[in-house]
Amino acid sequence: MQREEKSLVMAVKHVGIFGAMAAAMLLAGCRQDMQDQPKFIPQRGTTFYADGRSARPQVAGTVARNQMHENEYFYTGMVSGKEGDGFPIALTPEVMQRGQERYNIYCTPCHSRVGNGDGMIVQRGYRPAGDFHTDRLRNAPLGHFFNVMTNGYGAMPDYSAQLTLEDRWAVVAYIRALQLSQDAKPSDVAPGAKVVELHQQAKEAGMPEDFASPWGFPGTAIYGTPNGQDNGIPGQALGPAAALGGSTAPASQPKPGASNSTPAGTQQQKK
């Protein structure tokens, strides 16, 4: 019995020792060193450096991240905080071809090949995309399209990972070409060039009768808003049933498509 009592006493002592150690570690962890650690605070001085400045000058011979972006417009599409206009790259046939290729890969699922916002996934019920042929986007500065591709806009995610800087500007150039193709005027035609009415061109090419008709969204396109409209962003109004996700939504009013006349040999594409 004495041996068992001694063993019990020793066990209690060990438990007490380990308990004291655990308590000491716990108390040590409650110190405020991490919270009150010395650190540089913006606009405050410091005693760490002899000159008393917490904001340190750049180390000689080093280059900060993005410091080489001397052409702000090329990298951001912005000039002094506002969307700029003009192209920071040379427009060549190769650039336009590249822009068309990248546009057809990444943009057509939503915006369609003619840029009317009626892409294939919109026809399958996705939110209507921007229509490049509205006055708002026809008059938008070029930097707007680059900025949208870089940072996203509304329901559209950014495509900065999919499109390089040069490719984004190439797509911008192709979007402008699309806009011109659907809004051509006699004054845009070179002197002496023949102008043929678009419906006549479509007929001669054996296209369907409605090929040159104004565009309209399918009833499956939904905004998902209570009033079935693209609130805050000019766009087409859809029926209330479409806003609720119904399949019986009436088709929206058609929006203007191509002009009635276009240079000979130019055809409006339509799905």
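Phe74 is a good place to enter this predicted model, for its relative accessibility of 12% counts as buried. Its partner is Tyr75, and the two rings form an edge-to-face aromatic pair, with 5.1 Å from centre to centre and 85° between the planes. Tyr75, at 27% relative accessibility, counts as partly exposed, so the pair joins a buried ring to a partly exposed one.

A pair of aromatic rings is described by the distance of the centres and the angle of the planes. Counted across the model, the aromatic pairs come to 10. One of them is formed by Phe48 and Tyr49, whose ring centres lie 5.1 Å apart and whose planes stand at 85°, so this pair is edge-to-face. Phe48 is exposed, at a relative accessible area of 64%, whereas Tyr49 is partly exposed, at 30%. The ring of Tyr49 also has a charged neighbour, since the charged end of Arg56 sits over that ring at 3.8 Å from its centre. Elsewhere in the chain, Tyr103, Phe132, Phe145 and Tyr174 form one aromatic cluster.

Two members of that cluster, Tyr103 and Tyr174, lead on to the packing of two helices, for Tyr103 is among the residues of H3 that meet H8, and Tyr174 is among the residues of H8 that meet H3. Two packed helices are described by the angle between their axes and the distance between the axes. For helix H3, which covers residues 93-106, and H8, the angle is about 90° and the axes are 7 Å apart. An angle from 65 to 115 degrees counts as roughly perpendicular, and H3 and H8 are therefore roughly perpendicular to each other. On the side of H3, the residues that take part in the contact include Val95, Met96, Gly99 and Gln100, while on the side of H8 they include Ala170, Val171, Ala173, Ile175, Ala177 and Leu178.

Charged residues belong to this contact as well, with Arg98 and Arg102 of H3 and Asp167 of H8 among those that meet. Salt bridges that share partners join Arg98, Glu101, Arg102 and Asp167 into one network. Over the model, the salt bridges number 8.

Another group of salt bridges can be followed from residue to residue, beginning in helix H6, which spans residues 135-138. There the side chains of Asp135 and Arg138 meet in a salt bridge, with 2.9 Å from N to O. Why are Asp135 and Arg138 separated by about one helical turn? They are 3 residues apart in helix H6, and this spacing places about one helical turn between them. Asp135 is exposed, with a relative accessible area of 52%, whereas Arg138, at 24%, counts as partly exposed.

Arg138 also meets the side chain of Asp183 in a salt bridge, with 3.7 Å from N to O. Because Arg138 lies in helix H6 and Asp183 in the loop between helix H8 (165-181) and strand S3 (195-197), this pair ties together parts that are 45 residues apart in sequence. Asp183 is partly exposed, at a relative accessible area of 23%, and the side chain of Asp183 forms a further salt bridge with Lys185, at 2.9 Å from N to O. Lys185 is likewise partly exposed, with a relative accessible area of 42%.

The loops hold two residues whose backbone deserves a careful look. Most residues other than glycine have a negative phi, and most peptide bonds are trans. Ser80, however, has a positive phi, near 55°, and this residue lies in the loop between strand S1 (78-79) and strand S2 (82-83). Ser112 has a positive phi too, near 75°, and is found in the loop between helix H4 (108-111) and H5. Are these two serines buried or exposed? Ser80 is exposed, with a relative accessible area of 67%, whereas Ser112, at 2% relative accessibility, counts as buried.

The loop that holds Ser112 leads to H5, a helix of residues 120-123 in which Ile121 lies. Ile121 is partly exposed, at a relative accessible area of 34%. Leaving aside residues up to four places away in sequence, Ile121 touches Pro109, Cys110 and Tyr126. Thr108 stands 13 residues from Ile121 in sequence, and the two are 9.3 Å apart in space, C-alpha to C-alpha.

Terms used:
Residues numbered from 1 in each chain as written. Predicted model: local features only at pLDDT ≥ 70, side-chain atom pairs only at ≥ 80, totals over all residues. Heavy atoms only, no water. Phe/Tyr/Trp six-rings, centres within 6.5 Å; stacked < 30°, edge-to-face > 60°. Buried < 20%, exposed > 50% of the residue type's maximum accessible area, 1.4 Å probe, protein only. Lys NZ or Arg CZ within 6 Å of the ring centre and 35° of its normal. Salt bridge = Lys/Arg side-chain N within 4 Å of Asp/Glu carboxyl O. Helix = DSSP H or I, 4+ residues; strand = E, 2+ residues; numbered from the N terminus. Axes fitted to C-alpha atoms, helices over the stretch in contact; angles between N-to-C directions. Parallel < 35°, antiparallel > 145°, perpendicular 65-115°, else oblique. Contact = heavy atoms within 4.5 Å.
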